Amino acid sequence: MNISDSQKAVDTWIKEHGVRYFNELTNMAQLTEEVGEVARIIARRYGEQSEKESDKNKDLGEELADVVFVVLCLANQTGIDLQQAFDKKLDFKTKRDHDRHHDNKKLK
């Protein structure tokens, strides 16, 4: 599924199951919360913090999907074509960073 299809699927889900979108500020707070959950897993599973027993069953993919869902909600409710914005950003980064990292000794 591409980003445009994902935006449509989220919009359909909201209309069929969610009554309406939360307002933008509420969704921004939700996004922050979801990113925090991703950070917690990353910090404990891949970083130096020890992972609590209760966190060991948390699914990173599921938490990342929560982040994507809220981002799609924000895009929908603010009229952003996220597919177009992403394609534009990827093109920009490709041109800007084409050779940028090849000589980075930190990456070798």
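**A chat about a four-helix chain**

Modeller: A compact globule of 108 residues would have a radius of gyration near 13 Å, whereas this chain has 17 Å. Keep in mind that this is a predicted model.

Colleague: OK, and what does the C-alpha trace span along its principal axes?

Modeller: The C-alpha trace spans about 50 × 45 × 25 Å.

Colleague: How many helices and strands am I looking at?

Modeller: Four helices and zero strands. Reading from the N terminus, the order of elements is α-α-α-α. Helix H1 covers 3-18 and helix H2 covers 24-45, helix H3 takes in residues 60-77, and helix H4 runs over 82-96.

Colleague: What share of the residues counts as buried?

Modeller: That's 22% of the 108 residues. As for the accessible surface, the total is about 8400 Å², and carbon and sulfur atoms make up 56% of that.

Colleague: And the contacts, how much do residues 24 or more positions apart account for?

Modeller: If you take the contacts with a separation of 6 or more, 63% of them join residues 24 or more positions apart.

Colleague: Can you give me an example of a residue with contacts like that?

Modeller: Try Leu 74, in helix H3. Setting aside neighbours within four places in sequence, Leu 74 touches Glu 24, Asn 27, Met 28 and Leu 31.

Colleague: Is Leu 74 buried or exposed?

Modeller: Leu 74 counts as buried because its relative accessible area is 15%, and the cut-off for buried is under 20%.

Colleague: How far is Leu 74 from Asp 5 in space?

Modeller: Their C-alpha atoms sit 15 Å apart, with the two positions 69 residues apart in sequence terms.

Colleague: Let's switch to helix H1. What does the side chain of Asp 11 make a polar contact with?

Modeller: Asp 11, which belongs to helix H1, makes that polar contact with the side chain of Lys 15, at 2.7 Å. Beyond its neighbours within four places in sequence, Asp 11 is also in contact with Tyr 21 and Asn 76.

Colleague: And Gly 18, where is that?

Modeller: Gly 18 is in helix H1 too. Gly 18 counts as partly exposed because its relative accessibility is 23%. From Gly 18 to Asn 104 you go 86 residues along the chain, and their C-alpha atoms are separated by 47 Å.

Colleague: What's the phi of Val 19?

Modeller: Val 19 has a positive phi of about 70 degrees, and it isn't a glycine. For background, most residues other than glycine have a negative phi.

Colleague: Where does Val 19 lie, and is it buried or exposed?

Modeller: Val 19 sits in the loop between helix H1 and helix H2. Its relative accessibility is 77%, so Val 19 counts as exposed.

Colleague: Now the other end of the chain. Where's the place of Asp 97?

Modeller: Asp 97 is in the segment after helix H4. Asp 97 has 12% relative accessibility, so it counts as buried.

Colleague: How far is Asp 97 from Gly 47?

Modeller: Those two are 50 residues apart along the chain, and 27 Å separates their C-alpha atoms.

Colleague: Last one, charges. How many positive and negative ones are there, and how far apart are their mean positions?

Modeller: The chain has 18 positive and 21 negative charges, and their mean positions are 7 Å apart.

Notes
Residues are numbered from 1 along each chain as its sequence is written. This is a predicted model: local features need pLDDT of at least 70, side-chain atom pairs count only at pLDDT 80 or more; totals for chains, interfaces and linings use all residues. Side-chain values use heavy atoms; hydrogens and water are left out. Helices (H or I, at least four residues) and strands (E, at least two) are DSSP runs, numbered from the N terminus. The radius of gyration is taken over C-alpha atoms; the globule rule is 2.2 Å times the number of residues to the power 0.38. Buried means under 20% relative accessible area, exposed over 50%, partly exposed in between (1.4 Å probe, protein chains only). Contact means heavy atoms within 4.5 Å. Accessible areas come from the Shrake-Rupley method with a 1.4 Å probe; for residues, only the protein chains shown count as cover. Lys and Arg count as positive and Asp and Glu as negative; His and the chain ends are not counted. The place of a charge is taken as NZ of Lys, CZ of Arg, CG of Asp or CD of Glu. A polar contact is a pair of N or O atoms within 3.5 Å; within protein, one must be able to donate a hydrogen and the other to accept it, and residues adjacent in sequence count only if both atoms are side-chain atoms.
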